[in-house]
Amino acid sequence: MADAGLKDYYDKRSREYERIYDKPERQAELTWLRERIPALFGGRDVLEIACGTGYWTQFIAPAARHVHAFDLNESVLEIAAEKPFPAGRVTFSKGDALTLEGAADGCDAAFAGFWWSHVKRSALDGFVRALAAKLEPGAVVAILDNSYAEGSSTAISRRDAEGNTYQLRTLGNGERHEVLKNFPSALELTEAVRPVAREAHLESLTYYWLLVFTLK
Ligand SMILES: C[S@@+](CC[C@H](N)C(=O)[O-])C[C@H]1O[C@@H](n2cnc3c(N)ncnc32)[C@H](O)[C@@H]1O
């Protein structure tokens, strides 16, 4: 079931969300990712999971055949829809990234930016299997998320009994939210996709990691 607190936090953060992409120390890695990610999806039908304000959609759309992007929050979808995409190349819809209810069928690729870290450890296997069932066999999947970088990442405030970690984040209006944010190891990532992946490759950067795999 969707985490209502997480949905609410990103709803309230929608207009300030993209400031996260302005952090100066992260620019070199972002420049590389903005080329690397679209190159994985040339001519493919891409399911974009929890697309948010469409930051990555705008780079993937010119390379893809079509991007079927979805998110649970209408506020972020409205911002995404304002971006200039190649005509007819992107469809936005409302859907749940945990169950993939409302997500398009028949895609031969998928991308999830900064979603994995918000999934509880106990829910990851269900997410991975639901994703594999949704996509075509042989589909290419790319998962992008944050590495923990001392001095750049928000500090971890709490760890729960199953090992999930949390951060206390402050919105522009001063409101504080506790947000689930996991920082998995390389081994945890490759083990998590092993049941569905034919091959998996992890690119570990200072501020980000990118897991690319092909479905069986
Ligand atoms: C960290 S943001 C990532 C946005 C975008 N993928 C990016 O990389 O810029 C997480 C997104 O997850 C969305 N979200 C939260 N819970 C969700 C759920 N259960 N299903 C789909 N989207 C959800 C939020 O609305 C938010 O847009």
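**Close-up views of a predicted model**

**View 1. Residue L210 in strand β10.** L210 counts as buried, because its relative accessibility is 1%, a value under the 20% that sets the limit for burial. In this predicted model, L210 belongs to strand β10, which runs through residues 208–215. Leaving aside residues up to four places away in sequence, L210 touches L33, R36 and I37, then A142, I143 and L144, and also H201, L202 and E203. L98 stands 112 residues from L210 in sequence, and the C-alpha atoms of the two residues are 20 Å apart in space.

**View 2. Residue D145 in strand β5.** D145 is part of strand β5, formed by residues 140–146, and with a relative accessibility of 0% it counts as buried. The side chain of D145 is joined to the side chain of S117 by a polar contact of 2.9 Å. When residues up to four places away in sequence are not counted, the residues that D145 touches are F114, W115, W116 and S117, together with K181, Y207, Y208 and W209.

**View 3. The surroundings of the ligand.** The shell around the ligand comprises 13 nonpolar, five polar and two charged residues, and of these 20 residues Y21, A50, D71, A97 and G113 come nearest to the ligand. Two distances involve the protein backbone: a nitrogen atom of the ligand is 2.8 Å from a polar backbone atom of A97, and a nitrogen atom of the ligand is 2.9 Å from a polar backbone atom of G113. The protein buries 98% of the 600 Å² that the ligand exposes when taken alone. On the side-chain side, an N or O atom of N73 lies 2.9 Å from an oxygen atom of the ligand.

**View 4. Helix α1 and its buried face.** Helix α1 spans residues 4–13, and its buried residues are L6, Y9, Y10 and R13. Seen down the axis of α1, these buried residues fall within an arc of 90°, and they therefore line one face of the helix. An α-helix has 3.6 residues a turn, so residues three or four places apart point the same way. The packing partners of the buried residues of α1 are α4 (74–81), β7 (165–170) and β8 (176–180). At the N-terminal end of α1, D3 acts as a cap, with a side-chain oxygen that lies 2.9 Å from the backbone nitrogen of G5.

**View 5. Helix α6 and its packing partners.** In helix α6, made up of residues 186–193, the residues L189, A192 and V193 are buried. The buried residues of α6 fall within an arc of 85° when seen down the helix axis, so they line one face of the helix. These buried residues pack against helix α5, strand β9 (197–204) and strand β10, the strand in which L210 lies.

**View 6. Residue A123 in helix α5.** A123 is found in helix α5, which covers residues 121–134, and α5 is among the elements against which the buried residues of α6 pack. A123 counts as partly exposed, because its relative accessibility is 26%, which lies between the 20% limit for buried residues and the 50% limit for exposed ones. A separation of 8.0 Å lies between the C-alpha atoms of A123 and L98, two residues that are 25 residues apart along the chain.

Note on methods. Residues are numbered from 1 along each chain as its sequence is written. This is a predicted model: local features need pLDDT of at least 70, side-chain atom pairs count only at pLDDT 80 or more; totals for chains, interfaces and linings use all residues. Side-chain values use heavy atoms; hydrogens and water are left out. A residue is near a molecule or strand if one of its heavy atoms lies within 4 Å of it. A polar contact is a pair of N or O atoms within 3.5 Å; within protein, one must be able to donate a hydrogen and the other to accept it, and residues adjacent in sequence count only if both atoms are side-chain atoms. Accessible areas come from the Shrake-Rupley method with a 1.4 Å probe; for residues, only the protein chains shown count as cover. Ala, Val, Leu, Ile, Met, Phe, Trp, Tyr, Cys and Pro count as nonpolar, Asp, Glu, Lys and Arg as charged, and the others, Gly among them, as polar. Buried means under 20% relative accessible area, exposed over 50%, partly exposed in between (1.4 Å probe, protein chains only). Helices (H or I, at least four residues) and strands (E, at least two) are DSSP runs, numbered from the N terminus. The arc is that of the directions from the helix axis to the C-beta atoms. Contact means heavy atoms within 4.5 Å.
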